[in-house]
There are 4 protein chains.
Amino acid sequence: MTNLAIFYYSSTGTNFQLAKWAEEAGKEAGAEVKVRKIKELAPEEAISQNPAWKEHYDKTKNVPEASLDDIEWADGIIFSVPTRFGNVPAQVKQFLDTAGGLWANGKTINKVVSAMSSAQNPHGGQEATILNLYTSMFHWGAIIAAPGYTNQELFAAGGNPYGVSVTVAQDGNMVEDVEKAVKHQARRTVEVTNMVVQSKVNAR
Amino acid sequence: MTNLAIFYYSSTGTNFQLAKWAEEAGKEAGAEVKVRKIKELAPEEAISQNPAWKEHYDKTKNVPEASLDDIEWADGIIFSVPTRFGNVPAQVKQFLDTAGGLWANGKTINKVVSAMSSAQNPHGGQEATILNLYTSMFHWGAIIAAPGYTNQELFAAGGNPYGVSVTVAQDGNMVEDVEKAVKHQARRTVEVTNMVVQSKVNAR
Amino acid sequence: MTNLAIFYYSSTGTNFQLAKWAEEAGKEAGAEVKVRKIKELAPEEAISQNPAWKEHYDKTKNVPEASLDDIEWADGIIFSVPTRFGNVPAQVKQFLDTAGGLWANGKTINKVVSAMSSAQNPHGGQEATILNLYTSMFHWGAIIAAPGYTNQELFAAGGNPYGVSVTVAQDGNMVEDVEKAVKHQARRTVEVTNMVVQSKVNAR
Amino acid sequence: MTNLAIFYYSSTGTNFQLAKWAEEAGKEAGAEVKVRKIKELAPEEAISQNPAWKEHYDKTKNVPEASLDDIEWADGIIFSVPTRFGNVPAQVKQFLDTAGGLWANGKTINKVVSAMSSAQNPHGGQEATILNLYTSMFHWGAIIAAPGYTNQELFAAGGNPYGVSVTVAQDGNMVEDVEKAVKHQARRTVEVTNMVVQSKVNAR
């Protein structure tokens, strides 16, 4: 069976929702799926000053935190991350950076990876953030299976070929309807991951 | 006086329009402005098969082609280019590549540069195309003055901090209203270029 | 059998040599390999003014030019390209841009891709050029299998995780010894391509 | 007078040394210079397990930590950062991310920025890390003055046009001799920053 880890960071819920949709589609596609929250770096007092952040923080207290074991466990990985100045949030970078030991032991090789993003402006770093994340994934020896234009649903979601992305309005709601596109991306990630997993089975 | 070159490539008119708006604002800001069309590489028969392309091609026959002399002349440069697979069109790259001699003689140093882009999908490479162009500009020793979020008009245009970008609908019309944002970017480019020009004057 | 296309652009021979090494390893790995020269855009008189360019140009006159049919034929693709201002040469971009029709018909999807590069300075765009090429490949719906750090030979070659790269000295010779690393990258590209090809066979 | 902040993150001393060279040249160029250490995120026990890290950590205990006030104070900024998987370290991203409030109030606009990097392999992310950092700087509305090829010393240092970069050998020593190139980059950053500062003075 194919192991799919969905690593997300979310302050007010958008990327958590993307992760949940991906989870649903990943399971339907036959993968064993783990949704894992990337650890918060912000102090509790900063979170408490923002009611939407605080609400989501409390609501997802029980979601397990992403660990190095989860990376090792995964055959495929989907990241769901907001943009912070056109790059991944520090929280996400911190999680990646701690994988130095796994990397040195060849444990990050041939993971099949794709990523999703969100931003407050339609062109607020949705593309750049995913591309910058993929740069790190090349260091890992990952196999990148971005969605490209492999499905009509992707166009409705804004046509970001690097990964599905969404714009978050001032009220916290998503502007584009990306559910179907997210699910396509998850299925595609599982499909390509299956190829890698199957080739290992065949090689036995 | 500050010399501003606006180099554009346009098949069906969008980036020509962006260039014209930039020209208007650049002149109002007191710059000497040249709008220059980047040379077409496609054969006439390919152009003729696309009525919208053919129409724009004929309509802009008299716009002077961008030359190496224009690069040398310019204190500031604004590029207006469509995306082709998340990167500048071959036509634009060809124009840049021919500047190898200017580059080797230090004639590309300290040009103040910003860029604008267009694509058919909202996240169809608007960000990536501009960033890839800036990568080349770093080789030139240019000073990059992207718009960032220096003005409220930029948010209305989609909030692309790397440069104003626009989405082109199937019917060829622009989706976002970017005129004011383009004009802000042009003014900002002139403003920063003025700083460089003035420092040369002071140094005499 | 797995079809591997090696598309290269070379003015004075470096990227042709990389392509030949990749061809050798690709064949040993069991792939059907085609080495294809990306079409020159420079006029003959420009070529003639540079003896090293002219010599290589004449020497490789009989290498078949890369065509859209070659893209369609390929299951896997290795690009070998020099940097021009931190991005692919106009010649390479022109070749990619002409694939718009293939792209629109879904014929670029799931190609397994990796790339190699060269530059005259050790940090002269070796990384940026490959990353910019991959950006376009995401638009194609390609699966990117960069070498990462999947093999010890890669370290000896400079440890470029995005793809093997080499520095070309003033005398035209390669600075780093990259033959083994290039061959590893070719084998890896074939290996990942085989997974995709095999999954299609299984799906019948 | 022009205020230059040099923000560095260093685990074993390389980027601290680059920062010190930049400081020396910045002062010689007439700027008021602050060298500031970006705050560590790693726990003390992790640091203690690595003798070289521990030694540098203790040695630089008295270097003031980079603060938001330092960003606001600065007219120009030079970053000196190691690569972590082709991107800035989490520590650096965390520092940038905390500037959200400054950004929202327009306090990051028109800072003149350049960056330097280091990595363990010659092509181990030296280019990508700087480019990814610049992506964030575009969001800030910064003016990017990368060194390009504006000086002969840059070629001796490896010719990274995005910013001076250095390779760190297994023994912790720098491979390339980059001191002169670093000093050139610092002088250039001050020079361009002076232009912006002077234009503000003139506007009064």
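This briefing walks through how chain D meets chains A and C, then stops at one residue of chain D. The model is predicted, so local features need pLDDT of at least 70 and side-chain atom pairs count only at pLDDT 80 or more, while totals for chains, interfaces and linings use all residues. Residues are numbered from 1 along each chain as its sequence is written, chains are lettered from A and ligands numbered from 1 in the order in which they are written, and side-chain values use heavy atoms, with hydrogens and water left out.

**How chains A and D are related**

- Turn chain A by 180 degrees, with 0.0 Å of shift along the axis, and it lands on chain D with an RMSD of 0.0 Å. That is what a two-fold axis does. (The fit is by least squares on the C-alpha atoms of residues with pLDDT of at least 70 in both copies.)
- Both copies use the same surface: 100% of the contact residues of chain A turn up again in chain D. Contact here means heavy atoms within 4.5 Å.
- In chain A, the residue that comes closest to the rotation axis is Ala90(A), with its C-alpha at 2.6 Å.

**Where A touches D**

- Chain A brings 23 residues to the contact, and chain D brings 23 residues.
- The size of an interface is often given as the accessible area lost when the parts come together. Between chain A and chain D the buried area is about 1800 Å², with 59% of it from carbon and sulfur atoms. (Buried area is the accessible area, with a 1.4 Å probe, that two parts lose on being put together, summed over both.)
- Three residues stand out: Phe85(A), Lys93(A) and His139(A) supply 38% of the area that chain A buries against chain D, more than any other three residues.
- Look for salt bridges across this interface and the rule finds zero; one would need a side-chain nitrogen of Lys or Arg within 4 Å of a carboxyl oxygen of Asp or Glu.
- The rule does find eleven residue pairs in polar contact, both at pLDDT 80 or more. (That is a pair of N or O atoms within 3.5 Å; within protein, one must be able to donate a hydrogen and the other to accept it, and residues adjacent in sequence count only if both atoms are side-chain atoms.)
- On the side of chain A that touches chain D, α7(A) gives the most, with six residues. (Helices, H or I with at least four residues, and strands, E with at least two, are DSSP runs numbered from the N terminus.)

**Where C touches D**

- Here, 21 residues of chain C are in contact with 21 residues of chain D.
- The area buried between chain C and chain D is about 1400 Å², and carbon and sulfur atoms give 46% of that.
- Half the work is easy to pin down: Asn121(C), His123(C) and Glu127(C) supply 50% of the area that chain C buries against chain D.
- Again the rule finds zero salt bridges between chain C and chain D, but eleven residue pairs in polar contact.
- The helix α7(C) gives the most to the side of chain C that touches chain D, with four residues.

**A look at Thr83(D)**

- Thr83(D) sits in the loop between β3 (76-82) and α5 (90-97) of chain D.
- Its relative accessible area is 11%, so it counts as buried (under 20%; over 50% is exposed, and in between is partly exposed, with a 1.4 Å probe and protein chains only).
- A polar atom of the Thr83(D) side chain lies 3.0 Å from the backbone nitrogen of Gly86(D).
- Leaving aside neighbours within four places in sequence, Thr83(D) is in contact with Ser118(D), Ala119(D), Gly124(D), Gly125(D) and Thr129(D).
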